[in-house]
Structures are given as C-alpha cells and as structure tokens.
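Let's take a walk through this model together, going from whole chains to a single helix and then to the place where the chains meet. Keep the viewer open as you read.

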Amino acid sequence: MPESSPRSTEFQYWEEPSAQWASRLSALKAQGTDEVHCFIPWGLHESVRGIRDFSKTSKLRLERFLSQAHAAGITVRVTVGFPPRRESLPDWALPLGEISALVPAGIWKWGAQDLALTRIPSLHDDPFFLEFLEFVSDTFALLSLYRFPEGPLVGVHVDWGVYKADQGASLAGSYGNFLQERYPQASLINIRYGATFRDYATATSAQGMRVLLEKRPWLAAYDYKHCRARLLQDRGEALLNLPTAGPLTDLLAFEMPQVRAEKASWAIAVDPTLLESGAESMYPFTPLGFAHAQAGAAFRLWEHLRAKATRGGAKLHLLPTQGDCPAERVTVVAGRFLELQSARLLRAWAEAGARVCFPLGLPQYDENLAGIDWKASSPKPALRGDGLTRRWAMGMGEFVFPESPGAPENDFWDKLRRFDGEPHLGATP
Amino acid sequence: MSWDLPHFPPVTEADRLAIAEHLGLQSFSFLYTEKVGKEFLRAVVYGPGGAEALLNPDAADSHLPRLERQHPGSLAERAPFAADNLAQVLLPFPLRLWFETRPAEASGSLTCSDPQWARSLGELGQAIQALETALQRTEISVLELTSEGREPIRLFFHCVRKRFLVLGRLPEALADKEALRRLGASFQWIQLSPAAFSTFSGQVLELRQVLETLSQPAKAASADPLPL
C-alpha cells in the first residue's frame, strides 16, 4: 500500500462516458491526483433483480475502469453501501421486506432541509438485506482480483449511509436484544426512566418509545442510538463473514479516516445526542416520527449556531470528536446530560491547556444517570469565582462556566461568542 | 438517464439559492416555522441577509409574512424518490414546499399568513409553468441566469415528449454551444436577467411577464398570401 498521503478526488465512473475514462484518469494523474474514490451503486449494477451487470453496460464495466486506473498509475478506494443517492437502491428493492427504515427526506437531496421522513426498506429486514448481501458478495469477488499492487484497489469502505440516521430502527426484531445489553433486566429500564414496563417488548413498541422519550428525552436518544449502532455493527459482521470478503479483510473499513483539521483559536463543540446527522445537514431526533420539545429546542439551537458560525468563520464540532483538541478555546453547547466519553475528552483537552467554556452550565449526568465527576482525574481544581462566572484550573487549562446559567434566547450567539470567563459577560442578567 | 450524454451535476441547494438570487426572490424577508403538534421544530427568518434561526419564535417581528408548516401528530412522510416539478427543482427550501403537488397530509400542511404573499406565490407557480413550456419546446435547452454583481448560473435540460430526462447544472467546461447543439435534435439557449423590484408581488409580476413572453410560440410568417 502506498505510504505517503495521496492527493485524492472523487470519480464516479458510472457518471462519465466510458470512452472518456482513460483520458480523464490520465488528466487527473497529470494534475497530481494519485487516488480516486468511487461508489459502486447497487441500484445501477443490479437494476434488474438477480442480474448483476458489471460488464454489459459500458458505463458499468467496473473491471475495465479498475484496469484503466491502474494503467494511469492511480489507486482506487471504493465505497459500497447506502450513501444518500438515488443510485444506492434499486427500484425493485423498494417494496421488499415487512419493516421500514424512516430516513429524513432532506438526506436524499444534499443540503436540503426537509424534516419529513421517507420510508425505505429496513436494513434489518432479511429479504432486503440478503439481496444486498448477494450483490456485495459478487462485488467483493470481483474487487479481490484488483488489490494493490497487482491492481489499483487500496481500500473498500462500507458506508451504511442513510441507515445511520434511521428513525425506525426500533422496529427491527433484534432491537430489544441490544436494549437488553444496556439494561440486563427490564426492571432497570423502569428504574432509569421512572416507567412501568412489563418486558422489553413493551419498552420497544411504538407506544413504549413515546413513553421513554417523554420521561427522559436525552437518555431515550442515547439508548436508541446505542441500539441502532449495535444493529448496524451486527449487519457489518454478516458482511465480513461473506466468503468473498476474506481476501479483502485488511482493506475493509466501516468508517472513513477523519481529516485532521488545523488547530483554530476557537471552536464550538455541540452535544448531538438529540440531533441526527446526514449528508451535510442535521435533523432533530424523531424516532418513529415523534418529536419531543427538547429535540426541537436542540435542533433550533443547532440551526441558530450553524447559520451564525458559517458567517462568523467558526467551526462546529459534534461531540465526541476524534483526535486532539481542535482549538485553544472550546465552547461546549450541552445541557445537563453528556456522554461519559465526551466528558473525558473535554477534561483531557483542558488538562492539555485548552480553555473549555460551558455557557449553558456544566453538564451533570452521564448516560448511566451517574453524576459526572469532573474533578476526579486531576488534583482538586482551583476554584475562582466572581459571583457570575466560575473558573476551575484543570491541569494546564481551565473550565469556565456561569454561576447561574439561563435558557438560551435569540441573542445566544452573541453571549456564546463573548463567553470566555470575562466577569461582565458570563451570566444571564 | 441517457448514457450518451456527459454528466451534468444535479442542482444543489446552494444552486437553488443562487437561482433565487438571480430571480430577485431572496430580497424579501419572511418567517418560516415548522411544528409537530404544538412543538416548534424550526423558526427561521429568511431574507436578504441569509437565514437567521430563532430560538424563541415568539420574539420574531410580527410584521413579517409567515409561512407555517404544520406536521400532523408525528413527522409527515413522503415517497423517497418522487419526481420533483420544475418549481421544486429551481426554488430553495422552504419556498419550494409551496409547490408540493402531494396532498397536505403527506407533506405537512403549509399556510401563509399574508394573503398577498399567498397570491404572489400562486403566480410564481404559474410563471415557472410558463418557463417549463418554453423549455419543452426543444430537446436540449440551456437556461442562463444573470444579474449584476453575481456569478451567472447555467442549467442544462434534456427534454423528450415534455419530460425532462436530464436536468442539471451546466459546467463551464461543457458550455460550448456547438457541442451542445449536437446533443439533440433541437437546441435553444435562454438568457434571463429579470429586473429587481421593491415588493415581492412586484418581483413575481416581473418574473411572470418575462417568462410568459418566453413561452409564447415564435410568430410564424403570415400564411395569408394576400394580407390586408
């Protein structure tokens, strides 16, 4: 595999006239591109059920494309799965299965903001998934012949795409099994939520989801996303167990490597638990279409910040982000709850020298409803306060938060921008 | 999709915003709200300065025309790949919601607080229908929108039997009239540069006039050998 970081670009072979592939690839190479990324669309390669076309239609001659890329000296990284494109799903597959995934409508149109939901076959419905698996099996068999260095293939990315924002995951038969991982007895759900479910089935029913969301919206979102991630992991394991996946095992990845951003002077880190992300846009967390007031508030806050940050040149990060602290000053937008992993990350950033500001106050509870012990890993923090803001020295950096935080109002951006521990700006009057 | 044509990238939301700017529709402020039951999911003021999302919708300027989308008890559902009409392809969110052809229960009902705005939105739909008629006159069309101080935007249309088979952005590298002419049996290049008006209704009227003129069939030479 090539060692240095290559210059890469997207090249969808099925969007270009095949007669022009060679000249386009040569031109890219001449411009300094070493690697192309392309998506292998199930919807085009198997537009007729059971007939997988990799050689008949000129634009779908995948082997020819791979050979031409190799001849041009360009490596190829492919994606299989369900990125938000029309070509991801064949028409004949749309009515398959008995359960549906519910995906925000805006996802299908990049940058669009439609909050309505679209119904597509669920990945957790076997008739649909087995069809996909057969397509992937054939694709893997073909790809394994073109591994680097004999061929151009250096990576295979499995992208669950639109299913990562599925609002209908709780309809999957095995959803309850993963909820049981979090709560080994149904009575524990009742203790956490203050509910009275008899068993897992009632807790995962549509009515049960509504009750969970009403009782503890943040925790319901956390639990739902935990189960959805485990369901996708389960599907990933089925894919890895394909006989044709064997020769590609070391090339297969389920997450694309993150591009490390340069350290900025200021960054905003947002707790996304009550939000859903997909195709450059965010959506409120709305399992089975139910919308809770807190999800609405989190979404309005996100839209407020996104519009302002875009104009103000600030970058929004979703917690927990991978890697090092993105800025010297990090403003955290989170409520009373925060995932333990995010809390640990923020503490580590402060200890390494960042000033971490919490204009909405310090989050108090984690996903187990245990109090977050912010002070545990460092010597007792030096507390300085002026009656409006509190500052805790944390290692080489500090935590800054208001004495009595107020609810965000329409001028929230201005307050947040200035909230860096200055006494006159810290608290809501 | 026609396999012989080069790739024309689909129209993105950023393109739609640019199109609305060229058409002069971005100069007018309005408040858009979206609710499920009684819960606000979204409150955004759209206007010349861009979009301003409000945390507290009640604090919005009460004089602004208000577009309100009301989902039923849970979020509305729609078919994943339903074909968009031309207004939905060209206009940005949330204006394009006004041109939904599906029933309200499928997409959430949309109402407008200002009757004059509502009327103008209806007229805008008619104006875009006139544009559609003009574009359907030839197999290949390019629509070029220009206005002062902005980058022009060019759209490519491949139309057969009054259906758009391809509708996308025309990249600079493909903007060669002769090459485009060879792609189909008939070809037209439409350039639009509407004037700017100070009211929404005035702007829509201007668009309607420009686009309806465009959709009129070209006057043929008189068939009467002996005109009076």
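One definition will help from the start: a residue counts as buried if 20 or more other C-beta atoms lie within 10 Å of its own. Please also keep in mind that this is a predicted model.

With that cut-off in hand, turn to chain B. Buried residues make up 31% of its 228 residues. Its secondary structure comes to 6 helices and 10 strands. If you look at the contacts in chain B with a separation of 6 or more, 65% of them join residues 24 or more positions apart.

Now for chain A, which has 12 helices and 16 strands. Here 44% of the 429 residues count as buried. Among the contacts in chain A with a separation of 6 or more, residues 24 or more positions apart account for 73%. The C-alpha trace of chain A spans about 75 × 55 × 35 Å along its principal axes. How does the radius of gyration of chain A agree with that of a compact globule? A compact globule of 429 residues would have a radius of gyration near 22 Å, and chain A has 24 Å, which agrees.

Next, zoom in on helix 11 of chain A, residues 340–351. Because a helix should span 1.5 Å a residue, the 12 residues of this one should cover 16 Å, and its end C-alpha atoms are indeed 16 Å apart. Which residues of helix 11 of chain A are buried? They are Ser342(A), Ala343(A), Leu345(A), Leu346(A), Arg347(A), Trp349(A) and Ala350(A). What covers these buried residues includes strand 12 (327–333), strand 13 (355–357), strand 15 (389–394) and strand 16 (397–402) of chain A. After helix 11 of chain A comes Gly353(A), with a positive phi near 120 degrees.

Finally, let's see where the two chains touch. The contact takes 37 residues from chain A and 33 residues from chain B. On the side of chain A that touches chain B, the elements giving two or more residues are strand 5 (117–121) and helix 10 (293–312) of chain A. Helix 10 of chain A gives the most, with 8 residues. By character, the residues on this side of chain A divide into 19 nonpolar, 9 polar and 9 charged.

Strand 5 of chain A also pairs with strand 5 of chain B, residues 77–78, in the parallel sense over 2 bridges. To find the spot, look for Leu117(A), which stands opposite Glu77(B) in strand 5 of chain B.

Conventions:
Residues are numbered from 1 along each chain as its sequence is written. Chains are lettered from A and ligands numbered from 1 in the order in which they are written. This is a predicted model: local features need pLDDT of at least 70, side-chain atom pairs count only at pLDDT 80 or more; totals for chains, interfaces and linings use all residues. Two residues are in contact if their C-beta atoms, placed from the backbone, lie within 7 Å. Helices (H or I, at least four residues) and strands (E, at least two) are DSSP runs, numbered from the N terminus. Ala, Val, Leu, Ile, Met, Phe, Trp, Tyr, Cys and Pro count as nonpolar, Asp, Glu, Lys and Arg as charged, and the others, Gly among them, as polar. Two strands pair if DSSP finds at least two bridges between them. The expected span of a helix is 1.5 Å times one less than its number of residues. A residue is buried if 20 or more other C-beta atoms lie within 10 Å of its own, exposed if 12 or fewer, and partly exposed in between; C-beta atoms are placed from the backbone. The radius of gyration is taken over C-alpha atoms; the globule rule is 2.2 Å times the number of residues to the power 0.38.
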